[in-house]
Amino acid sequence: MSGHLSPIDTAKFVAAKRACDYVEDGMRVGLGTGSTAAWLVRCLGEMIQKDGLRITGVPTSTRTAELARQVGITVTSLDEARWLDLTIDGADEFDAELNLVKGGGGALLQEKIVATASDRMIVIADKSKQVETLGAFPLPIEVVPFGWQTTKALVEESLSSLDVLGDSTSLRLNGDMPFVTDEGNHILDLHLKRIGNARQLALVINQIPGVVENGLFIDICDIVVIGHGNGKVEV
Ligand code: 5RP
């Protein structure tokens, strides 16, 4: 499965593979979204085929659900599973306190709900995702389509009193059309460069009418497994 991989794919693969050590027979596992999480899903599929691992997966997007079914993972909904033993997902950024920026793939809402409904969340990431201060990666905010331009203006206005650098937002596009999430919403990407107080920013943004959720994951992640291009892994 890991044939001839580029350094970046090697890093993602080894992080995903190592995270599988935390998965035990019978567990209900939240399955993240993105290219690193896709490696996890493939690794779990291999463990099911080769080692007879039995797990139930709760995917965080239609993309992940499709891949999980393809590799033989039994898939159920969060409503069916109710509570999960573990969620394993990628991230766009993580800092020393294990706070995250997520949503580069547009699945932040389901990802946050699923991770919050889990005993433990493990992030798998290549080393480039590690940052001293969050914010270089644009912060995704999921908003309802109705009145999104007003929501955008309110988000930008709310930043003036906060410890951030930058205040521009852009509507995420899919070609010429607004990107649409699995929940039928849009994504605003907030270009901040630096987020001084992530907890405060998350609270302020989520109070704005029209905002469904933001991509800051505060006090949710328990462990980060970091993969390197040379195949080494740090936990
Ligand atoms: C999707 C996410 C992803 O986990 C994040 O974007 C990282 O993706 P990748 O593993 O492809 O770098 O939050 O909404």
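**Exercise 1.** Find which residue of strand 15 stands opposite Val143, and place the pair in its sheet.

*Solution.* Val143 faces Val211 of strand 15, where helices (H or I, at least four residues) and strands (E, at least two) are DSSP runs numbered from the N terminus. The model is a predicted one, in which local features need pLDDT of at least 70 and side-chain atom pairs count only at pLDDT 80 or more, while totals for chains, interfaces and linings use all residues. Residues are numbered from 1 along each chain as its sequence is written.

Next, strand 8 (residues 139-143) pairs with strand 15 in the antiparallel sense over three bridges, and pairing requires that DSSP finds at least two bridges between two strands. The open sheet holds four strands in the order 10-13-8-15, with antiparallel pairing. Strand 10 (168-171) and strand 15 (211-214) are the edges, and each has a single partner strand, so one side of each is left without a neighbour in the sheet.

**Exercise 2.** Determine which strands helix 5 touches as it packs on the sheet.

*Solution.* Helix 5 (residues 108-116) touches strand 8 and strand 15, contact meaning that C-beta atoms, placed from the backbone, lie within 7 Å. Its direction makes about 65 degrees with that of strand 15; axes are lines fitted to C-alpha atoms, for helices over the stretch in contact, and angles run from 0 to 180 degrees between N-to-C directions.

**Exercise 3.** Identify the helix that gives the most to the shell around the ligand.

*Solution.* Helix 2 (35-51) and helix 5 each supply at least two residues of this shell, and helix 2 gives the most, with three residues.

Note on methods
Contact = placed C-beta atoms within 7 Å.
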